[in-house]
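Thanks for coming. I will go through one structure today, starting from a single residue and working outward.

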Amino acid sequence: QVQLVESGGGLVQAGASLRLSCAASGRAFRGYGMGWFRQAPGKEREFVAAISSRGLRTDYADSVKARFTISRDNAKNTMYLQMNSLKPDDTAVYYCAQGTYSRLSTDFNSWGQGTQVTVSS
């Protein structure tokens, strides 16, 4: 079983940047696809970005494409989400997940506890 711990969330103004981190422990990290999802109040959890096991492939939701960058450092068992030009609509709890390279939450079987990102206008 893998443990995933997110960090880096916070309260920022629109246009600012944040970098989220997801540290993994307890199971091999490099052999699995990873993803970021988010859930805003009153809304369903939605896909944000995914990265393949070696980091060679990435995928983004249209709403974050060109603003967010997903990356991973397999030597450090850590995944990142660089978020630039943040908008109030990006306000949500952000979750990292381990599974396969996919947009579907059902393809991920391990989840972190989430980190809050709040963007003020």
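Let me begin with Cys96, which is buried, with a relative accessible area of 0%. Before going further, please keep in mind that this is a predicted model.

What does Cys96 bond to? Cys96 forms a disulfide with Cys22, and the two sulfur atoms lie 2.1 Å apart. Cys22 sits in strand β3 and Cys96 in strand β9, residues 92-99, so to speak two distant parts of the chain, 74 residues apart, that the pair links. The angle about the S-S bond is 55°, and the link of Cys22 and Cys96 is right-handed. The structure holds one disulfide, and this is the one. Cys22 counts as buried as well, because its relative accessibility is 0% and the cut-off for buried is under 20%.

Now the Cys22 end. Strand β3 covers residues 18-25 and pairs with β1 in the antiparallel sense, over five bridges. One residue pair to look for there is Leu4 with its bridge partner Ala24 in β3. These two strands belong to an open sheet of four, in the order β1-β3-β8-β7, with antiparallel pairing. Which strands are at the edges? They are β1, residues 3-7, and β7, residues 68-73, each of which pairs on one side only. From one strand to the next, the twist averages 15°.

Back to the Cys96 end, and strand β9. How many of the eight residues of β9 are buried? Seven of them are, and the strand is mostly covered.

Strand β9 has several pairing partners, and I will take them in turn. With β4, the pairing is antiparallel and runs over seven bridges. Gly33 has Gly99 in β9 as its bridge partner. With β10, β9 pairs in the antiparallel sense over three bridges. With β11, residues 115-120, there are three bridges, and β9 and β11 run antiparallel. There, Tyr94 has Thr115 of β11 as its bridge partner.

One residue of β9 deserves a slide of its own, and that is Gln98. Is Gln98 buried or exposed? It counts as buried, because its relative accessibility is 0%. Gln98 stands opposite Ser110 in β10. Leaving aside neighbours within four places in sequence, Gln98 has contacts that include Val2, Leu4, Arg27, Tyr32, Met34, Phe108 and Ser110.

That brings us to β10, which covers residues 108-111 and contains Trp111. Trp111 is partly exposed, with a relative accessible area of 27%. Not counting residues up to four places away in sequence, Trp111 touches Leu4, Phe37, Arg45, Tyr95, Cys96, Ala97 and Ser105. So that list takes us back to Cys96, where I started. The side chain of Trp111 also reaches the backbone oxygen of Phe108, at 3.3 Å. For a long-range pair, take Trp111 and Glu6: they are 105 residues apart along the chain, and their C-alpha atoms are separated by 9.7 Å.

Last topic, the aromatic rings. A pair of aromatic rings is described by the distance of the centres and the angle of the planes. How many aromatic pairs does a search of the whole structure find? It finds four. I will show two of them, both of which involve Phe37.

In the pair of Phe37 and Phe47, the ring centres are 5.8 Å apart and the planes are at 75°, so the pair is edge-to-face. Phe37 lies in strand β4, residues 33-39, and Phe47 in strand β5, residues 46-51, so this pair ties together parts that are ten residues apart in sequence. Phe37 and Phe47 are both buried.

The pair of Phe37 and Phe108 is also edge-to-face, at 5.2 Å centre to centre and with 75° between the planes. Here Phe37 is in β4 and Phe108 in β10, so the parts tied together are 71 residues apart in sequence. Phe37 is buried, with a relative accessible area of 2%, and Phe108 counts as buried at 4% relative accessibility.

Taken together, Phe37, Phe47, Phe108 and Trp111 form one aromatic cluster. I will stop there and take questions.

Key
Residues numbered from 1 in each chain as written. Predicted model: local features only at pLDDT ≥ 70, side-chain atom pairs only at ≥ 80, totals over all residues. Heavy atoms only, no water. Pairing = 2+ DSSP bridges. Axes fitted to C-alpha atoms, helices over the stretch in contact; angles between N-to-C directions. Disulfide = S-S within 2.5 Å. Buried < 20%, exposed > 50% of the residue type's maximum accessible area, 1.4 Å probe, protein only. Contact = heavy atoms within 4.5 Å. Polar contact = N/O pair within 3.5 Å; in protein donor to acceptor, adjacent residues only side chain to side chain. Phe/Tyr/Trp six-rings, centres within 6.5 Å; stacked < 30°, edge-to-face > 60°.
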